[in-house]
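Biologist: Before we discuss any details, could you put the model in front of us, so that we can go through it by question and answer?

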Amino acid sequence: MRVERDWSAHRARLRKWRRDPVVVQTLRSTFAATLAYVIALRLSPEAAPLTAPLTALLVVQVTLYATLTNGIRRVNSVVAGVLVAIAFSLLVGLTWWSLALVILAALAVGHLVRVHEYVPEVAISAMLVLGVTTVGDTAWARIVETLIGAVVGLSCNLLLAPPVWVGEAGASIEGLARRMRQLMLRVGEEAAGRTPVEYAAERLHEARRLDHDIVEVDAALRQAEDSLRFNPRVREGLLNRVVLRTGLDTLEICTVVLRVLTRTLTDLAKARDPRTLFEGETGKVVEKLLSEIGDAVVSFAVLVTSSVSASAESAEDRLAAELQTAAATRDKLAQMLLEEVRRDSHEWQLHGAVLTEVNRILDELDTEHRSRRLLEELDRHTREQRERMPRLTRLRERLGVQEQLWRNRTGAGGRSM
């Protein structure tokens with residue numbers, strides 16, 4: 001039994017490594033660079049055609065979309081740099097002032113041809129070619145090696161299809177939601193008793209640090225969005241991108257509101273020091289409400305990242321039930337705070353702010369609100385696509401109409417038989 005458990009754990013680690021972005025990128029880049037060098041040895045006049053593997057390393061990215069865009073920009077940058085070097089080599093030799101002019105002209109050309117992050121590569125290519133005596137042969141060899149590296153990089157992603165990083169992005173979103181829940185639990189526990197101002201301020205700093213988590217999750221989501229573009233294994237790439245993006249937007253809004261809530265509780269701790277934040281049982285109700293909202297945040301993240309329709313439906317039902325429970329607790333808290341304000345109205349603004357911020361989080365997590373946002377985003381993406389590519393949109397609509405007519409005829413024929 002122990003051997004079986006060890007073997008199962010070993011296989012689980014292997015599966016995890018196979019999906020790890022660093023491992024996948026390292027293996028694919030090594031293979032592409034080596035293959036590009038082998039091919040360049042046969043086609044390039046250079047003895048050591050290192051430009052080809054260098055280009056392959058720069059072109060091969062984690063996603064197919066990034067590979068295509070980087071390959072085109074890389075080739076454009078190198079060709080532009082070689083042309084600049086050829087033009088200068090016909091007029092002047094290599095001196096300090098000609099080198100400065102080459103760099104200036106190459107950088108300017110790089111911006112003109114819009115190679116984006118490869119603008120320095122234009123100047124690098126120009127300098128390398130200008131510094132060699134046989135300019136014509138070197139320029140031709142560099143262009144050939146660049147094309148070899150770019151083609152090999154593109155081919156590796158076409159033949160060795162890059163993974164879809166939706167799972168990793170979903171795990172990042174769920175991790176963010178669980179960290180938010182943990183913070184809500186700590187805030188609720190402290191709200192149930194006497195909270196020193198230092199503790200309340202520490203919770204505020206934790207809420208602010210969630211902004212860094214948002215940046216990391218956004219980077220993982222952008223990688224997932226790129227992996228869905230131009231990927232033949234994905235049929236509903238637009239829907240997946242919109243679901244994840246709107247889900248992260250909702251969580252980002254909730255983190256902002258949570259930060260404001262901790263700011264309000266910090267101000268309340270200062271105003272009521274050394275008394276408790278809330279009178280009597282009110283603090284326990286606040287703790288219960290924040291715990292329920294934290295559970296709803298996690299359920300929302302699970303709903304957003306669920307790829308199977310059955311699990312998504314169960315997650316939506318669970319989220320709806322948790323939001324209903326939290327709304328009932330919120331109503332109870334509102335009544336208790338109203339009674340406190342009637343007895344002592346000094347902190348009524350802060351009590352009202354707590355309810356406002358809680359309501360905002362519940363509204364953002366509401367399933368109907370999420371459905372409206374999804375429809376709005378899908379409509380916006382469809383409208384933008386029609387504006388960018390009207391001919392392709394008309395062609396798709398025409399094919400869709402023809403497919404529907406064919407289905408209707410097939411269905412009619414089946415009924416007539």
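## Burial, cores and salt bridges

Modeller: Let us begin with Glu145, which is buried, with a relative accessible area of 3%. Please keep in mind throughout that this is a predicted model.

Biologist: In which helix is the place of Glu145?

Modeller: Glu145 counts as buried because its relative accessible area of 3% is under the 20% cut-off. Leaving aside residues up to four places away in sequence, Glu145 touches Ser44, Glu46, Pro49, Leu50, Thr51, Ala52 and Thr55. Glu145 itself has its place within residues 135–159, that is, in helix 7.

Biologist: Which element gives the most residues to the nonpolar surface patch?

Modeller: The patch, of about 700 Å², is made by Phe31, Leu35, Ile39, Leu43, Leu158, Leu159 and Leu160. The elements giving two or more residues to this patch are helix 2 (21–43) and helix 7. The one that gives the most, with 4 residues, is helix 2.

Biologist: Is Leu43 buried or exposed?

Modeller: Leu43 lies in helix 2, and it is one of the residues that make the nonpolar patch. Because its relative accessible area is 56%, and the cut-off for that class is over 50%, Leu43 is exposed.

Biologist: Where is the place of Arg114, the residue that has a positive phi although it is not a glycine?

Modeller: The phi of Arg114 is about 60°, and at 67% relative accessibility this residue counts as exposed. Its place is in the loop between helix 5 (96–112) and helix 6 (119–130).

Biologist: Which helix gives the most to the largest nonpolar core?

Modeller: In soluble globular proteins, nonpolar side chains tend to be buried together. Here the largest nonpolar core has 58 residues, and those with the most contacts inside it are Leu176, Phe278, Ile293, Val297 and Leu365. Two or more residues each come from helix 8 (166–191), helix 9 (197–228), helix 10 (237–272), helix 11 (282–305), helix 12 (309–343) and helix 13 (348–365). The one that gives the most to this core, with 13 residues, is helix 11.

Biologist: Which residues does Val297 touch, not counting those up to four places away in sequence?

Modeller: Val297 is among the residues with the most contacts inside the largest nonpolar core. With residues up to four places away in sequence left out, Val297 touches Ala177, Met180, Met184, Leu251 and Leu365.

Biologist: How many residues apart in helix 11 are Glu292 and Lys288?

Modeller: The side chains of Glu292 and Lys288 meet in a salt bridge, at 2.5 Å from N to O. Glu292 is buried, with a relative accessible area of 12%, whereas Lys288 is partly exposed, with 44%. Both lie in helix 11, about one turn of the helix from each other, which is a spacing of 4 residues.

Biologist: Which residues do salt bridges that share partners join into one network?

Modeller: The structure holds 14 salt bridges, including one in which the side chains of Glu202 and Arg209 meet at 3.4 Å, N to O. Salt bridges that share partners join into one network the residues Arg186, Glu190, Arg203 and Glu206.

Biologist: How many disulfides does the structure hold?

Modeller: Cys156 counts as buried at 5% relative accessibility, and Cys254 is buried as well, with a relative accessible area of 0%. As for disulfides, the number that the structure holds is 0.

Methods:
Residues are numbered from 1 along each chain as its sequence is written. This is a predicted model: local features need pLDDT of at least 70, side-chain atom pairs count only at pLDDT 80 or more; totals for chains, interfaces and linings use all residues. Side-chain values use heavy atoms; hydrogens and water are left out. Buried means under 20% relative accessible area, exposed over 50%, partly exposed in between (1.4 Å probe, protein chains only). Contact means heavy atoms within 4.5 Å. Patches are made of residues with over 30% relative accessible area and no salt bridge: like charges are joined within 9 Å, nonpolar side chains (Val, Leu, Ile, Met, Phe, Trp, Tyr) within 5 Å. Accessible areas come from the Shrake-Rupley method with a 1.4 Å probe; for residues, only the protein chains shown count as cover. A salt bridge is a side-chain nitrogen of Lys or Arg within 4 Å of a carboxyl oxygen of Asp or Glu. A nonpolar core is a set of buried Ala, Val, Leu, Ile, Met, Phe, Trp, Tyr and Cys residues joined through side-chain atoms within 4.5 Å. A disulfide is a pair of cysteine sulfur atoms within 2.5 Å.
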